[in-house]
Amino acid sequence: LKMDSKPTAPVTLAMRCNEQCGGEVDISQQLAQLPLGQWQQVQIALSCFTQQGLELAQVAVPLEISTTGTLQLSFSSLSLQSKPAASAVKLSCDKP
């Protein structure tokens, strides 16, 4: 992930199976701390979503990023991994 511009409003990362199944995490503050123009490997635990009702066997939308403001991100690849790289920036689902 490379942040090309900082978010101007809250940013939500979500995974969904349908309208009643899914989970979302506000990642605004964590994104705002990433450096501009530098590639970063980031990770977030799947449990952040399953704790909110996401059923992994039924995922229809594996990645949804939304904001009412502006934000520009670049991606080189996306994947679900059981063991991400130790150097990855860990996005937290804990409330600040």
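## V89 and strand β7

V89 is partly exposed, with a relative accessible area of 25%. That value sits in the band for partly exposed residues because buried means under 20% and exposed means over 50%. V89 belongs to strand β7, which covers residues 89-91. This is a predicted model.

V89 can also be placed relative to S77. Along the sequence, 12 residues separate V89 and S77. In space, their C-alpha atoms are 15 Å apart.

## A three-stranded sheet

The model has an open sheet of 3 strands. Its order is β3-β2-β5, and the pairing is antiparallel. The edges are β3 (21-26) and β5 (61-67), and each of these pairs on one side only. From one strand to the next, the twist averages 20 degrees.

Strand β2 spans residues 11-18. How buried is β2? Of its 8 residues, 6 are buried, so β2 is largely enclosed by the rest of the structure.

## How β2 pairs with its neighbours

On one side, β2 meets β3. The two strands are antiparallel and share 6 bridges. They form a hairpin, with 2 residues between the strands. Two positions help to fix the register. A14 stands opposite E24 in β3. R16 has G22 of β3 as its bridge partner.

β2 also pairs with β5. Here 5 bridges join the strands, which again run antiparallel. In this pairing, V11 stands opposite T67 of β5.

## Salt bridges

How many salt bridges does the model contain? The count comes to 3. Two of them involve R16. The R16 side chain meets that of E24, with an N to O distance of 2.8 Å. R16 also forms a salt bridge with E64, at 3.2 Å from N to O. This R16 and E64 pair links distant parts of the chain. R16 lies in strand β2 and E64 in strand β5, 48 residues apart. Together, R16, E24 and E64 are linked in a network of salt bridges.

Are the members of this network buried, exposed or partly exposed? R16 has 24% relative accessibility and counts as partly exposed. E64 is partly exposed too, at 27%. E24 is partly exposed, with a relative accessible area of 39%. R16 is therefore not one of the buried residues of β2, because buried means under 20% relative accessible area and R16 stands at 24%.

Another salt bridge joins K2 and D4. The closest N and O atoms of this pair are 3.5 Å apart. This distance meets the rule, because a salt bridge needs the nitrogen within 4 Å of a carboxyl oxygen. D4 is partly exposed, with a relative accessible area of 28%.

## The largest pocket

How much space lies in the largest pocket? The volume is about 780 Å³. The lining is made up of 30 residues. Nearest the centre are V42, Q43, I44, L78 and S79.

Several strands contribute to the lining. β2, β4 (42-44) and β5 each supply at least two residues. Two of these strands, β2 and β5, are also members of the sheet.

What classes of residue line the largest pocket? The lining has 22 nonpolar residues and 8 polar ones. No charged residues are present in the lining. R16 and E64 therefore do not belong to it, because Arg and Glu count as charged and the lining has no charged residues.

## T50 and helix α2

T50 is found in helix α2, which runs over residues 47-50. At 32% relative accessibility, T50 counts as partly exposed.

T50 can be located relative to E24, a member of the salt-bridge network. T50 and E24 are 26 residues apart along the chain. Their C-alpha atoms are separated by 9.7 Å.

Technical notes. Residues numbered from 1 in each chain as written. Predicted model: local features only at pLDDT ≥ 70, side-chain atom pairs only at ≥ 80, totals over all residues. Heavy atoms only, no water. Pairing = 2+ DSSP bridges. Helix = DSSP H or I, 4+ residues; strand = E, 2+ residues; numbered from the N terminus. Axes fitted to C-alpha atoms, helices over the stretch in contact; angles between N-to-C directions. Buried < 20%, exposed > 50% of the residue type's maximum accessible area, 1.4 Å probe, protein only. 1 Å grid on protein atoms, 1.4 Å probe; cavity = no way out; pocket = protein on both sides within 12 Å on 5 of 7 lines; lining within 4 Å. Points joined across faces, edges and corners; volume = space filled by probe spheres on them.
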